[in-house]
Amino acid sequence: MLPFQTLEEAGIFLGRNLTIAETLWFKYSAGKPDYILYCHNTLFLFIFYTLFPLPFVFLELVRSKKVDQFKIQPRIKNSLSGMFDCYRKVLLTFVVAVGPLQIFSYPFIEMIGIRTSLPLPSGWEMFWQILVYFLVEDYANYWLHRLLHNEWVYTKIHRVHHEYNAPIGFAAPYAHWAEIIILGFPSLSGPVIVPGHMITFWLWFILRQMEAIEIHSGYEFPWSPSKFIPFYGGAIYHDYHHYVGGNCQSNFASVFTYCDYIYGTDKGYQYHKEVFEKTRKRM
């Protein structure tokens, strides 16, 4: 909760007039406890998880030759009822794992110093912090993902996520509740190292979820992020991991490809990439 009663008090504290964004933030957040603002994150995750996969759902339903040229595994067809069933199961996981994890982690968020105060961070500050969050999460997620492919852990937990050999957007967070909790720690690691503003925190989780949906979408377009962002794996890179299945020892990275390259876990993908591409185009 902001320690100001009026915009004038906030302006005196900053020593300048508030920007438009700061004025909007003041009007929205001034009377809300920080805990309530933090819980917005759960609401945003639900909204973006619901809306962002919808274009991919539409493409799955229309399935023309023009669309199929961008589908990574074109022989796989998903029904509306099948995709909705995935959505329903993920919402149950949200209730069981994601919501409680978000809500009860607030004391930790307060301790590390995620702030709601003025001034708001600049665009560059948010950019560099979120870049750090992506890099930290990607590195930690890589090792945890490798652990999840340990035979016992895979059988008990990670196999749920691999029920989709050809992933769809709604299946990005489709996993065992324990996996959701395990992989929640890498997502919080970046903000722990570089604490920022609550808005940056919200934006980080929104972007991370959108990225996860994109790499599980099953489509690789000419305008996909993998065409423009260096070392970004993208949908086709992660799709291979699902295509091979439980025995896959390649492409563990969640976002970038450098960990797989450094630790030699992209060799299977590099070896089979040419064959995989030819098979995919022939299909």
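UniProt positions are given here in the numbering of this chain, and such annotations may be inferred rather than shown by experiment. The model itself is predicted.

**Stop 1: the annotated domain**

Select residues 131-265. The UniProt record, an unreviewed entry, labels this span "domain: Fatty acid hydroxylase". In the model the span is 55% helix and 0% strand. Its end C-alpha atoms lie 23 Å apart.

**Stop 2: the annotated transmembrane regions**

Next, select 35-62, 90-114 and 188-207, which the unreviewed UniProt entry marks as "transmembrane region". Take residues 35-62 by themselves: the chain there is 93% helix and 0% strand. A distance of 43 Å separates the end C-alpha atoms of residues 35-62. Then move to residues 90-114, where the chain is 88% helix and 0% strand. Here the end C-alpha atoms are 28 Å apart.

**Stop 3: helix H3 and the nonpolar patch**

Select helix H3, residues 34-51. Ile 36 is in this helix. Its side of the story is brief: Ile 36 has a relative accessible area of 38% and is therefore partly exposed. For a sense of scale, draw a C-alpha to C-alpha distance from Ile 36 to His 161; it comes to 31 Å, with the two positions 125 residues apart in sequence.

Now show the side chains of Leu 43, Phe 46, Ile 47, Leu 51 and Leu 54. Together they make a nonpolar patch on the surface, with about 420 Å² of accessible area. Which helix gives the largest share of the patch? Helix H3 does, with four residues. Leu 43 is placed in helix H3. Is Leu 43 buried, exposed or partly exposed? Its relative accessibility is 45%, so Leu 43 counts as partly exposed; the partly exposed class runs between 20% and 50%.

**Stop 4: Lys 71 and Glu 60**

Select Lys 71, in the loop between helix H5 (65-68) and helix H6 (80-104). Add Glu 60 to the selection. The two side chains form a salt bridge, with 2.6 Å from N to O. Lys 71 belongs to the loop between H5 and H6 and Glu 60 to helix H4 (residues 54-62), so this pair ties together parts that are 11 residues apart in sequence. The pair is also listed as a polar contact of 2.6 Å between side chains.

Colour both residues by accessibility. Lys 71 has a relative accessible area of 3% and is buried. Glu 60 is buried as well, at 5% relative accessibility. Both values fall in the buried class because that class takes in anything under 20%.

**Stop 5: two other salt bridges**

How many salt bridges does a search of the whole structure find? It finds nine. Two further pairs are worth displaying.

Go to helix H6 and select Arg 88 and Asp 85. Their side chains meet in a salt bridge of 2.6 Å, N to O. The two residues are three residues apart in helix H6, which means that about one helical turn separates them. Arg 88 is partly exposed at 44% relative accessibility, and Asp 85 is partly exposed at 27%.

Then select Lys 227 and Glu 220. These residues form a salt bridge in which the closest N and O atoms are 3.8 Å apart. Lys 227 is partly exposed, with 49% relative accessibility, whereas Glu 220 is buried, with a relative accessible area of 10%.

Before leaving the salt bridges, return to Lys 71 and extend the selection. Glu 60, Arg 63, Asp 68 and Lys 71 are joined into one network by salt bridges that share partners.

**Stop 6: Pro 195**

Finish at Pro 195. Where does Pro 195 lie? It is in the loop between helix H11 (184-193) and helix H12 (198-215). Its relative accessibility of 33% makes Pro 195 partly exposed.

Show what surrounds it. Leaving out residues up to four places away in sequence, Pro 195 touches Ile 112, Gly 113, Ile 114, Gln 129 and Tyr 133. As a last distance, link the C-alpha atoms of Pro 195 and Phe 52. These residues are 27 Å apart in space and 143 residues apart in sequence.

Key:
Residues are numbered from 1 along each chain as its sequence is written. This is a predicted model: local features need pLDDT of at least 70, side-chain atom pairs count only at pLDDT 80 or more; totals for chains, interfaces and linings use all residues. Side-chain values use heavy atoms; hydrogens and water are left out. Buried means under 20% relative accessible area, exposed over 50%, partly exposed in between (1.4 Å probe, protein chains only). Contact means heavy atoms within 4.5 Å. Patches are made of residues with over 30% relative accessible area and no salt bridge: like charges are joined within 9 Å, nonpolar side chains (Val, Leu, Ile, Met, Phe, Trp, Tyr) within 5 Å. Accessible areas come from the Shrake-Rupley method with a 1.4 Å probe; for residues, only the protein chains shown count as cover. A salt bridge is a side-chain nitrogen of Lys or Arg within 4 Å of a carboxyl oxygen of Asp or Glu. A polar contact is a pair of N or O atoms within 3.5 Å; within protein, one must be able to donate a hydrogen and the other to accept it, and residues adjacent in sequence count only if both atoms are side-chain atoms.
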